Amino acid sequence: MRIPLAAPDLSGNELRYVAEAVQSSWISSTGPFVSRFESTFAELCGVRSALSVSSGTAALHLALLALGAGPGDEVIVPSLTYVATANAVRYVGAKPVFVDIDLSTWCLDPEGVETAFTPRTKGIIAVHLYGHPADMDALAALADQRGAWVLEDAAEAHFATYKGRPVGSLGAMATFSFYGNKPLTCGEGGAVTTSAVRLAERARLLRGQGMDPERRYYFSIVGYNYRLTNVACALLCAQLERRDTLLARRREIFNLYQELLDGIPGVEFQPIAPWAEPTPWLFSVVIDPRRYGRSRDELARVLADAGIETRPFFVPLHTLPPYLHSSSQGHPRLPRTEMLASRGMNLPTHTSLDDRDVAFVADVIRRSHR
Ligand SMILES: *Cc1c(COP(=O)(O)O)cnc(C)c1O
């Protein structure tokens with residue numbers, strides 16, 4: 001593909017810091033970059049603790065364990081998300097209960113969440129989809145009334161804000177991913193954030209194989225090896241230094257797409273709630289086949305023929321084999337999720353695109369309307 005969907009931007013101090021980590025021979029999971037990353041990230045998210053972990057999926061698993069989710073419990077999740085959100089619920093033996101999205105945010109619909117609560121509901125995973133924060137106050141109010149928690153899956157939404165407060169600080173705990181296509185990356189990696197000392201300690205213990213912090217090589221529980229290396233944290237420290245520039249360029253690309261695609265019949269964008277300042281992750285369009293004259297998949301083929309890589313929206317998790325029968329009522333219908341999933345696509349969004357690339361993508365989309 002001439003224009004890929006995503007590409008990491010490693011043009012700052014990334015190479016220098018990685019070389020420093022290698023030269024110092026601190027290449028495992030202790031070292032100055034690990035502590036620097038964790039303290040900087042915690043401060044930027046407005047929380048007491050950030051733990052670096054080996055992936056966003058590991059972060060979700062650790063957070064669910066720390067929050068005490070287990071067999072017999074239900075956890076409310078959106079169906080329009082990456083599969084890891086629900087898989088982590090399964091890892092701890094709990095059951096994901098899928099709820100539809102709100103079309104004004106593309107995130108969990110609080111009304112749907114309210115009706116999905118049962119006496120077994122332990123908590124809610126609020127996914128900030130494509131960088132747009134979920135309506136956290138509404139979800140927290142519902143959870144509080146029932147003694148449940150809210151876990152934020154902020155894998156795609158680093159530094160987005162909700163009513164002026166950063167994601168990562170809005171629930172009992174939050175998780176992030178630093179996979180290669182995310183707004184901030186170290187290839188593979190993740191983080192767990194929280195301000196609750198007990199939850200942070202629990203997550204730290206589980207991350208490090210369960211080793212007693214007071215007694216080396218004494219294991220008080222069965223833990224995991226979910227640590228992140230000093231080499232990966234070196235990349236993250238360099239990324240953090242340039243976070244404003246990286247996000248500003250993504251935002252310019254978003255604005256340019258929006259401007260150039262405006263007014264094409266049947267092409268719509270992700271709405272932005274008045275209280276949200278989203279992180280521009282991957283620019284999304286929703287294709288109404290009747291008005292646009294082609295389906296999303298047809299448009300994707302036209303774009304691919306022009307050398308442009310795109311990505312269809314997530315396949316709704318409640319329709320995938322592992323989750324098809326997860327509801328006791330049978331396959332629930334989630335009409336808004338299913339509609340968006342069949343019509344939505346992500347367009348190339350990364351800092352190595354120049355304005356002409358964006359104009360070219362927009363032009364192909366405009367010319368393909370019929
Ligand atoms: C990327 C992603 C994850 C998982 O992150 P990995 O680092 O790939 O394990 C989880 N949830 C969402 C919403 C994601 O986009």
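**View 1. Helix H3 gives the most to the shell around the ligand, with 3 residues.** Welcome to a predicted model, in which local features need pLDDT of at least 70, side-chain atom pairs count only at pLDDT 80 or more, and totals for chains, interfaces and linings use all residues. Residues are numbered from 1 along each chain as its sequence is written, and side-chain values use heavy atoms, with hydrogens and water left out. The ligand has 15 residues around it, and Gly56, Thr57, Glu156, Ser177 and Lys182 come nearest (a residue is near if one of its heavy atoms lies within 4 Å of the molecule). By type, this shell holds 5 nonpolar, 7 polar and 3 charged residues; here Ala, Val, Leu, Ile, Met, Phe, Trp, Tyr, Cys and Pro count as nonpolar, Asp, Glu, Lys and Arg as charged, and the others, Gly among them, as polar.

**View 2. Polar atoms of the protein meet the ligand at glycine 56, aspartate 153 and glutamate 156.** Polar contacts are pairs of N or O atoms within 3.5 Å; within protein, one must be able to donate a hydrogen and the other to accept it, and residues adjacent in sequence count only if both atoms are side-chain atoms. Glycine 56 uses a backbone N or O atom, 2.8 Å from a ligand oxygen. For aspartate 153, a side-chain N or O atom is 2.8 Å from a nitrogen atom of the ligand. At glutamate 156, a polar side-chain atom lies 2.5 Å from an oxygen atom of the ligand. On its own the ligand has 380 Å² of accessible area, and the protein covers 93% of that (Shrake-Rupley method, 1.4 Å probe). Two or more shell residues come from each of helix H3 (56-66) and helix H4 (84-91); helices are DSSP runs of H or I with at least four residues, strands are E runs with at least two, and both are numbered from the N terminus.

**View 3. Aspartate 135 sits in the loop between strand S4 (121-127) and helix H6 (136-145).** Beyond its neighbours within four places in sequence, aspartate 135 is in contact (heavy atoms within 4.5 Å) with Pro110, Tyr162 and Trp275. The side chains of aspartate 135 and tyrosine 162 share a polar contact of 2.7 Å. Lysine 163 is 28 residues away along the chain, with 9.7 Å between its C-alpha atom and that of aspartate 135.

**View 4. Domain 1 (14-241) meets domain 2 (243-368).** These bounds come from an automatic or database domain assignment. Taken over C-alpha atoms, the domain centres are 25 Å apart. Domain 1 brings 42 residues to the contact and domain 2 brings 38. About 3700 Å² is buried between the domains, with 61% from carbon and sulfur atoms; buried area is the accessible area (1.4 Å probe) that two parts lose on being put together, summed over both.
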